[in-house]
Amino acid sequence: MLRTRLSPCFSVAVVLLAIASAAVAADTDWSSFRGPAGAGEAKGLPRGDGSLALELAWKRDLGSGYSGISVAGGTLVTAMTDGERDFVVALEANSGEELWRYDLDPAHVGHDGTHDGPISTPALADGRVFMLSPGGRLVALELSTGEELWTRHLVDDLGSERPFYDFGSSPAVVGETMILLTGGDEGLVTGFDVASGAVKWRALPEDGELGLGSPILAEIAGAVQALILGPSWIAGLDPQSGATLWRHELEGERGVMGSFTQSPVPIDGNRIFVKHEQGRAVVIEVVRGESDLVAREVSAGRGLSRSYSPPALSGELLFGYTSRFLSSVEPATGELLWRSRAPGDGFLVAVGGELAVLTKVGDLHLGAAAAEGWQETSRIELFDDLARTAPSYSAGALYVRSLGEIARVELVRQAGPGSLVAEVAVPAALADLADEIADSEDPGAAVSRFLAGRELPLIDGEAVVFLWHGPADDVAVAGEMIGMRREEQMNRLGGTELWWWATELGSRARIGYVFIVDDELETDPSHERTATSTVLGPDMSWNRGEGFEMSWFAMPEWPGLKIVDKAGDVGPKGRLETFEVVFQPPTPEDGEAPEPVAVPVHVWLPPGYETGEARYPVVYVHHGQAREVGAWPATLDRVVGRTAEPLIVVFPETPRMRGAGGFVTGDLVPAIDQRYRTRAQREGRANVGMGWPGFSATLLTFNNPDIFGGLGVQSLFLLEEQMKAVEEAIGAADGSSLAMKLYLEWGRWDLISPHEEMNMRASSRWAWELYRQKGWDPIGGEVWDSTDFASWSHRTAALLESLFPLEGTEGSLAGWQTGQ
């Protein structure tokens, strides 16, 4: 808790600003980010009797972008890209007719999981539009014409540093001041004169990395303030002077789904909801002391966390997303009142006691903002593409957008109750059972007879039906057929305890999956095929050390069911031994030398190593789970000396720390060459990696071409930042100047994140094409499989045979390749 003394003129400023705030609060416009009160809440439902329903008024094309929709005086303003330029666009609210567009900046290209287009939401005030481009260009425009009034640049004029995910703060306007999170050594927050763009004040200097949050204007403890959520604190600023009125230090580490991307949510005149950590949210209360304002934490909980979606206030309750579940939280206690998998992951706004939810798949849903749970009353299948922006509301209409379209949806009154029960068609494989259940006096017995002796899931051509049988309130299925950060709700069959979800897969697919039964992960009890997940974590996001078991199944033509292991029965086996290599981490420029680290190194030696004098090539495997989860030693026993050349394999437990690459080249390789009989030339060394460690193995190889002459990667995980690093590592080298053995494979059903721009099939294919353009002839390509060691382990032999083939033998890769 931190106290800040009030300035002598504070009380006068409070009175003036409170009057201005009251005028804004009474406005029915949605003129800035998160609406009139900064809490995602609006008033003013249509008058009349009957239940509320959604009715599409118009829909039109719009370019990509995250920008919200601001509405004032019958004009709506947002921002988009056409692929070449970013634009601010004004539309007539009733018709959707374009009024003007303003060329904002060169097109912002999404990267590292983000989509193309502007991020910031325009602010509309006193006939002006204020907008920030991802590149840092800040503009003021005439609302009626789009004419430029003034422009500033955060990098060129303020000395701000462009953040990794670019500029995304949304302006907030109070009186004659426009407030923005700008970054820069002179202040994280800047106040601009609305008429000229001149800097009026800078605040919170050198206070950490600029995120994507925005200032929120609210009356707190009797004073209109700009609420600022920083890297490890929340503060209230005087909007006219930038003076810090109070500041509170937050516990825990900043989360990417916390204060890096989130903004404060004012609850009432004293309390503020804050998402700071990845998995925890708090409520801060600000009260007036004798001469200052004091902030303290009054409640905390895990509700409304682990999501990018901003919460909305309705009455005295908060609504939003806890991971991918729509949820409600009681702010006074932090208690999670309920969670609902329906209507699906998305973004919401509260309107007069109702919730309007735009799901990421483009459907708009309406239901009561109730403490008892979610009950849908109306819905529209609105967009065919991805939606990543919360709705806006003004004068009886919702304004919503996807990454390709924008629409006006009106709230209308209709006769009769507003209650919807979704009807889902039963798949053909369950049609007879559904009929039997409908006619049976004992539906449970009918289900048991149907399941008796069946191995699941059900496969009918390319149709697949996943089944879970057992008592539950909520069942979902997740897996590689769906992608990360998603699961699909399963359907209950005829009121029984049988739950189903259907999809279609190719006839050669092999897929990992898991059931989520009342929040608990469950493997498929109908069979024993399981594998440890090292890519996905229990929340279906990245695995951060929390492994779990997934079931897997294969379609009838999956190559793994047909390909015969050419190595045959295992004969003499190799052996593993372990020793330690001491690593001295580099000394930071502004710190003391860290303590040396003893790194365990596991080495597999081929049969006959102890009795011979031959020298061996060495494969360095850079994945901590390859030895045990990937079962590499067992494959080595079968393959080495039979279809792959006799070799040594090294499994270092390389620390995840600064300078780790230097450990491999400066400490590990010399230690291996000294301790064992190796071929100590580049042609005798290769690096291997899978997933993200595949990126590390790639950089290690191309940054040290004098040390390593081979590289094998399974599922090369790259985002744009890593792609640039790979290109820089390769540099001017090509097939004519640098001989390199390259193996690269990825699965037809490899990892994707359907709601984000993350596609590891595409990143692997990108590297494949780069190698070919450079004149190398990589081996591998797309294979009939998915991802993780449940996939990769089937082709460990193919990888080794490609890097160090045994003369006169045939490799095992051909049957796996898709030819694409």
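Two strands are said to pair if DSSP finds at least two bridges between them. The exercises below concern a predicted model.

**Exercise 1.** Determine how strands β26 and β27 are joined, and which residue in the turn has a positive phi.

*Solution.* Step 1: strand β26 covers residues 325-330, and five bridges join β26 to β27. Step 2: the two strands run antiparallel. Step 3: one pair of bridge partners is E330 and E335, the latter in β27. Step 4: β26 and β27 form a hairpin, with four residues between them. In the turn, G334 has a positive phi of about 80°.

**Exercise 2.** Locate D345 and decide whether D345 is buried or exposed.

*Solution.* Step 1: D345 belongs to the loop that links β27 (335-340) with β28 (346-351). Step 2: the cut-off for buried is under 20% relative accessible area. Step 3: D345 has 12% relative accessibility and therefore counts as buried. Step 4: apart from neighbours within four places in sequence, D345 is in contact with Y321, S323, R324, T359 and K360.

**Exercise 3.** Describe the sheet that contains β16, and identify the strands at its edges.

*Solution.* Step 1: four strands, in the order β16-β17-β18-β19, make up an open sheet with antiparallel pairing. Step 2: the edges are β16 (216-220) and β19 (244-249); each has a single partner strand, so one side of each is without a neighbour in the sheet. Step 3: from one strand to the next, the twist averages 30°. Step 4: five bridges connect β16 with strand β17 (residues 223-229) in the antiparallel sense. Among the bridge partners are L217 and, in β17, A226.

**Exercise 4.** Establish the order of the sheet that contains β54, and state where helix α8 packs.

*Solution.* Step 1: the open sheet has eight strands in the order β45-β46-β48-β47-β49-β50-β51-β54, and the pairing is mixed. Step 2: β45 (575-583) and β54 (779-783) are the edge strands; each has a single partner strand, so one side of each lacks a neighbour in the sheet. Step 3: on average, neighbouring strands of this sheet are turned by 15° against each other, direction ignored. Step 4: strand β51 (residues 741-747) and β54 run parallel and are joined by five bridges. Y743 has I779 of β54 as its bridge partner. Step 5: helix α8 (residues 760-773) packs on the sheet and touches β50 (710-716), β51 and β54. The direction of α8 makes about 155° with that of β51.

**Exercise 5.** Classify the packing of helices α2 and α3 by direction and handedness.

*Solution.* Step 1: the axes of α2 (residues 428-439) and α3 (residues 443-451) come within 9 Å and cross at roughly 150°. Step 2: α2 is therefore roughly antiparallel to α3, as angles over 145 degrees count as such. Step 3: the crossing is right-handed. Step 4: A429, L430, L433, E436 and I437 of α2 meet P443, A446, V447, R449 and F450 of α3. The residues of this contact comprise eight nonpolar, no polar and two charged.

**Exercise 6.** Classify the packing of helices α6 and α7 in like manner.

*Solution.* Step 1: α6 (residues 692-703) and α7 (residues 720-730) pack at an angle of about 20°, with axes 8 Å apart. Step 2: α6 is therefore roughly parallel to α7. Step 3: the crossing is left-handed. Step 4: the contact involves W692, F695, T698, L699, F702 and N703 of α6, together with Q722, A725, V726, A729 and I730 of α7. Its residues divide into eight nonpolar, three polar and no charged.

Key. Residues numbered from 1 in each chain as written. Predicted model: local features only at pLDDT ≥ 70, side-chain atom pairs only at ≥ 80, totals over all residues. Heavy atoms only, no water. Buried < 20%, exposed > 50% of the residue type's maximum accessible area, 1.4 Å probe, protein only. Contact = heavy atoms within 4.5 Å. Axes fitted to C-alpha atoms, helices over the stretch in contact; angles between N-to-C directions. Parallel < 35°, antiparallel > 145°, perpendicular 65-115°, else oblique. Left-handed = near helix turned anticlockwise from the far one by under 90°. Nonpolar A, V, L, I, M, F, W, Y, C, P; charged D, E, K, R; others polar.
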